[in-house]
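Subject: Handover of the model and notes on its salt bridges and chain contact

Dear colleague,

I am handing over the structure below, together with some notes on what turned up in it. Please read the notes with the coordinates open beside you.

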Amino acid sequence: MRLNELKAGEQCRILMVAGEGALRRRLMDMGLTPGTRVFVRKVAPLGDPVVLHLRGYDLTLRKEDAANITIERLPKAAPNAVCAERGRRRRLRGGRI
Amino acid sequence: MKLLFALAGNQNSGKTTLFNQLTGSSQHVGNFPGVTVEKKEGTVRKHKDITVVDLPGIYSLSPYSPEELVSRSFIVDEHPDAIINIVDATNLERNLYLTLQLIELRVPMVVALNMMDEVRANEGFIDTKKMEKELGVPVVPISASKNEGIGELICVAADIAENKKQPTRLDFCSGEVHKAIHAVSHLVEDKALEQGFSARFAATKLIEGDPLLEKRLNLSESQSDILGHFVDEMEKALGTDREAALADMRYSYIEKLVLKAVVKPQQSREQLRSLRIDSVLTHRVFAIPVFLCIMFAIFWLTFGSLGALLSDAFESGIESLIGLIDSGLKSLKVSGWMNSLIVDGILAGVGSVLSFLPVILLLFFFLSILEDTGYMARVAFVMDKLLRKVGLSGRSFVPMLIGFGCSVPAIMATRTLPSERDRKMTIVLAPFMSCSAKLPIYAVFTAAFFSSGQAVVMITLYVLGIVVAILSGLLLKKTVFKGNSMPFLMELPAYRFPSPKSVMLHMWDKAKGFVRRAFTVIFVATIAIWFLQSFSWSFDMVEDSSKSILASIGSLIAPVFAPLGFGDWRASTALVTGFTAKEAVVSTLSVLTGGDVSGLQAIFTPLAAFAFLCFTLLYMPCVAAFAASKRELGSMKAAIAAMAYQTGVAWIIAFIAYQGGTVLGIL
């Protein structure tokens, strides 16, 4: 499945990033790497681009560029899951809150 | 001791705010050599021996964009004594991606951890000591907007610079990537040192597949082969390709570091607030209407109420000044032509351009606020789909929109566009948005020829401008500006209060540029036109402009406009004066036709009048816009080419209008 097929509110994990040259490099530089969790926050009023939430920040991406990214869908979770997950992991390790 | 620092970091990391705090008003803006990438430089307050160069906001050191290349070249070739890497503490992971690459350059570096005030307010905690240990560079927590920690930052930076303290940690990698990087480092060590790169940086980039570095290092054939071999081995062992391998390595390291050093108990208040604001501002239904309201308010304030007030006050101020100088000159019995040169030429010309200044200040005041709060990013996001069709991105929307007010600030606003290609194309297309100075022309002509359908004609003209811009965009996309536009990957930063200092500095910077252009390029142009208008070929001053050089030039080029229906010398002369300011078209025609409607009706038929309006809508803008284009496009040649294109398009459209109308028997 590709990233451009997801709808707002859905979560996924990236499996592979295709594409060439500058685009691919840019996608990965911004943090869209295999293994990354991505949350689709919303879609623009005119249908394109979309806002993704990953690594703690929001990124806009055009659907045609998102089509280069192969993903696996993750079960729907609350939007803070990406943050809360880390908080949970940290608490488990006994880190300072 | 004289020191040079480079300030590097992501966009939206507070870099500009930090730079402003460091340098204050000592900063000046220029260009990096050879590219139209802005370069800001200044001396640190209270440390006049330290110069800081603000590198463009970048996310990586890839070879794919002029901003990244310029930053790389600057650090490698200009040998700054230290790098200050500003990092947004509320967005650590992505910011550290650049940090790791900067460390590879082996230049003394300090990480300025910005926005610590927000981290603290959200009950978060960042273990800077642990970060220092893991990264091998000093980490100084700061808050640029609150002016905290800046003094310490400068001290640390000066210390590492003077004592040449390079980053102490070399390896962020493990396993296969580690093997490959070390192997390649040894391989290319001497070639790298020859070129002034650290072996590590060269190795990492070569493994990533950086074509520019490969060329610059000039590896021998056997070296290239061995390099290829190492890369293949690594790719096979990892099961991914070279670029992904390195990106993955860096982010894995960063993830581990962040887990160890950062405590973030909840989603920050700023992020939650931004989400709430965005639920309205990027709402599926309300986003565009809200945007239109905001733009309408800005236009109304700038070109209407407040702006008009300030403009008029400014203009009458200038006029009284001119009046004073005029009577002063007369009492000094200065000769007639000198008086005219100074008063009617220089002062009137430059004065009329300077009267734009309040509009420019107001407009850029509002635009800075929109940009600094983060709202512009949302506008670009919402409008992107529309502009894609023309080969531009959402970022071009606001400059184009401003063009409806005045082309000069529209062209100046294109500087925020990240892609040079987009910037150039927007500069060429923005003048097709009918600027407000052309309104008097439309008003006079529609009143004289289309009194029953004035509004219809005006709206037609505005729409025509937009249509021509779209068609031109499509044409240029396939020809002059071929090639892919940059991928539209844009961060949506949390909404923040704009720093008043930054807004003022930004306004001041734009105003300075505009005034400087007024007294240089525009100065020369208005003197030239004054001369042509006031003198006859025998170099006597003339009262009757129909005897001036300008008039004969007008007569000379008049035949060019014959197929458009207005081959009269008065029409072409008026068009030439339109170069100084569009309002001049009306005033010149009025002078040349004896000041009333019947004079116009003698020269134009209704169809010819319409063709004339189409021409004035589209042809090259005024000299102030020309000067701005020259500055933003980077060369006189490019600016002239743009003007030529616009005038050519104007001619063609007017031709179609007139000939088409004649054939179809309209009007």
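A salt bridge here is a side-chain nitrogen of Lys or Arg within 4 Å of a carboxyl oxygen of Asp or Glu. Please bear in mind that this is a predicted model. By the rule just given, the count over all chains comes to 35 salt bridges.

One of them joins R73(A) to E10(A), with 3.0 Å between the closest N and O atoms. Since R73(A) sits in strand β5 (residues 69–74) of chain A and E10(A) in the segment before β1 (11–17), the pair ties together parts that are 63 residues apart in sequence. R73(A) counts as partly exposed at 45% relative accessibility, whereas E10(A), at 14%, counts as buried.

A pair within one helix is found in chain B, where K179(B) forms a salt bridge with E176(B) and the closest N and O atoms are 3.5 Å apart. The two residues are separated by about one helical turn, because they lie three residues apart in helix α7 (residues 175–195) of chain B. K179(B) is partly exposed at 49% relative accessibility, and E176(B) is partly exposed as well, at 25%.

Chain B also holds a salt bridge between the side chains of E208(B) and R250(B), at 2.9 Å from N to O. This pair links distant parts of the chain, with E208(B) in helix α8 (residues 199–208) and R250(B) in helix α11 (residues 242–261), 42 residues apart. Both partners are classed as buried, E208(B) at 3% relative accessibility and R250(B) at 0%. They belong to a network of salt bridges that also links R25(A), D29(A), E104(B) and K205(B).

Turning to the contact between the chains, 41 residues of chain A and 53 residues of chain B take part, and the area buried between them is about 4400 Å², of which carbon and sulfur atoms give 56%. R25(A), R55(A) and R62(A) supply 17% of the area that chain A buries against chain B, more than any other three residues.

Between chain A and chain B there are seven salt bridges, among them the one from R55(A) to E93(B), whose closest N and O atoms are 2.8 Å apart. The count of residue pairs in polar contact between the two chains is 17.

Finally, β4(A) pairs in the antiparallel sense with strand β10 (residues 490–491) of chain B over two bridges, and the bridge partner of T60(A) in β10(B) is M490(B).

With best regards

Technical notes
Residues numbered from 1 in each chain as written. Chains lettered and ligands numbered in written order. Predicted model: local features only at pLDDT ≥ 70, side-chain atom pairs only at ≥ 80, totals over all residues. Heavy atoms only, no water. Helix = DSSP H or I, 4+ residues; strand = E, 2+ residues; numbered from the N terminus. Buried < 20%, exposed > 50% of the residue type's maximum accessible area, 1.4 Å probe, protein only. Contact = heavy atoms within 4.5 Å. Buried area = accessible area lost by both parts, 1.4 Å probe. Polar contact = N/O pair within 3.5 Å; in protein donor to acceptor, adjacent residues only side chain to side chain. Pairing = 2+ DSSP bridges.
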